[in-house]
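The exercises below ask the reader to work from the sequence and the 3D structure together. Each task is followed by a solution that goes step by step.

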Amino acid sequence: MHTSSTMILLFSGAKGTLKRNDAFMSVEFMRRAIALGIENVRSGGGGPFAAVVVHEGRVVAEGVNRVTTTNDPTAHAEVVAIREACRNLETFQLSGCDLYTTCEPCPMCLGAIYWARPARVFYACVASDAAAVGFDDAFIYEELKRGHDERQLPMQQLLREESLAIFALWKEQEKKTHY
Ligand SMILES: [Zn+2]
């Protein structure tokens with residue numbers, strides 16, 4: 001039987017079920033992410049978020065929030081860590097990797113994580129913890145539920161027929177890497 005570890009309970013029954021020994025490693029990797037997050041805030045470097053990517057039991061990339069320091073609204077810790085991991089592993093997919101993040105991913109990061117295809121995601125704080133200090137992403141989830149014409153952000157479709165030429169070209173292209 002599993003121990004009472006929350007980490008194990010979280011993943012029991014999931015595709016990448018944790019083994020008992022993994023739980024101890026997981027805690028250490030999450031502590032590393034938390035330490036990075038604390039350092040990022042103390043140094044005035046950026047938002048209170050950090051992430052690490054682990055492959056075969058070792059950290060292959062670390063990321064901290066750099067939105068304000070690099071003027072990049074996409075520089076969330078998870079995205080920064082995914083980019084770094086892919087650069088280091090020389091791949092565009094993080095198969096077999098685990099991603100540890102100090103807070104439940106926002107919709108953008110969750111999308112990036114799905115595209116990167118790691119095996120598992122571990123998170124520490126939950127979305128409401130981030131909301132309590134001013135980082136509320138609930139409105140994005142609400143927006144996603146609405147139709148295009150009901151969203152706060154206006155979206156207008158244009159030139160579909162002309163743009164379909166790109167897909168037609170892709171379909172014919174023989175030199176392409178599927179992902
Ligand atoms: Zn994010």
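A nonpolar core is a set of buried Ala, Val, Leu, Ile, Met, Phe, Trp, Tyr and Cys residues joined through C-beta atoms within 7 Å. The model to which this definition is applied here is a predicted one.

**Exercise 1. The core**

Find which residues of the largest nonpolar core touch the most other members, and which elements supply this core.

Solution. Among the 29 residues of the largest nonpolar core, those that touch the most other members are Ala51, Val52, Val53, Ala81, Leu99 and Tyr100. Turning to the elements, at least two residues of this core come from each of helix 2 (20-42), strand 1, strand 2, helix 4, strand 3, helix 5 and strand 4. The largest share, 6 residues, is supplied by helix 4. As a last step, take Leu99: once its neighbours within four places in sequence are left aside, Leu99 is in contact with Ala51, Val53, Glu78, Ala81, Ile113, Pro118 and Val121.

**Exercise 2. Strand 1 and its partners**

Determine how strand 1 is paired with strand 2 and with strand 3, and whether strand 1 is enclosed or open.

Solution. Begin with strand 2 (residues 58-64), which runs antiparallel to strand 1 and is joined to it by 6 bridges; within this pairing, Val54 has Val59 as its bridge partner. The two strands form a hairpin with 2 residues between them, and Glu56 in the turn has a positive phi of about 50°. Next, strand 3 pairs with strand 1, also in the antiparallel sense, over 5 bridges, and here Ala51 stands opposite Thr101. Finally, count the burial: 5 of the 6 residues of strand 1 (residues 50-55) are buried, so this strand is largely enclosed by the rest of the structure.

**Exercise 3. Two helices compared**

Establish which residues of helix 5 are buried, why they line one face, and how many residues of helix 8 are buried.

Solution. In helix 5 (residues 107-116), the buried residues are Cys109, Ile113 and Ala116. Viewed down the helix axis, these buried residues fall within an arc of 65°, so they line one face of helix 5. Their cover includes helix 4 (77-89), strand 3 (97-103) and strand 4 (120-125), whereas Gly111, Tyr114 and Trp115 are exposed on the other side of helix 5. Just after this helix, Arg117 takes a positive phi of about 60°. For helix 8 (residues 160-172), by contrast, the count of buried residues among its 13 residues is 0, and this helix is hardly covered. From its first C-alpha to its last, helix 8 reaches 19 Å, close to the 18 Å expected at 1.5 Å a residue.

Key. Residues are numbered from 1 along each chain as its sequence is written. This is a predicted model: local features need pLDDT of at least 70, side-chain atom pairs count only at pLDDT 80 or more; totals for chains, interfaces and linings use all residues. A residue is buried if 20 or more other C-beta atoms lie within 10 Å of its own, exposed if 12 or fewer, and partly exposed in between; C-beta atoms are placed from the backbone. Helices (H or I, at least four residues) and strands (E, at least two) are DSSP runs, numbered from the N terminus. The arc is that of the directions from the helix axis to the C-beta atoms. Two residues are in contact if their C-beta atoms, placed from the backbone, lie within 7 Å. The expected span of a helix is 1.5 Å times one less than its number of residues. Two strands pair if DSSP finds at least two bridges between them.
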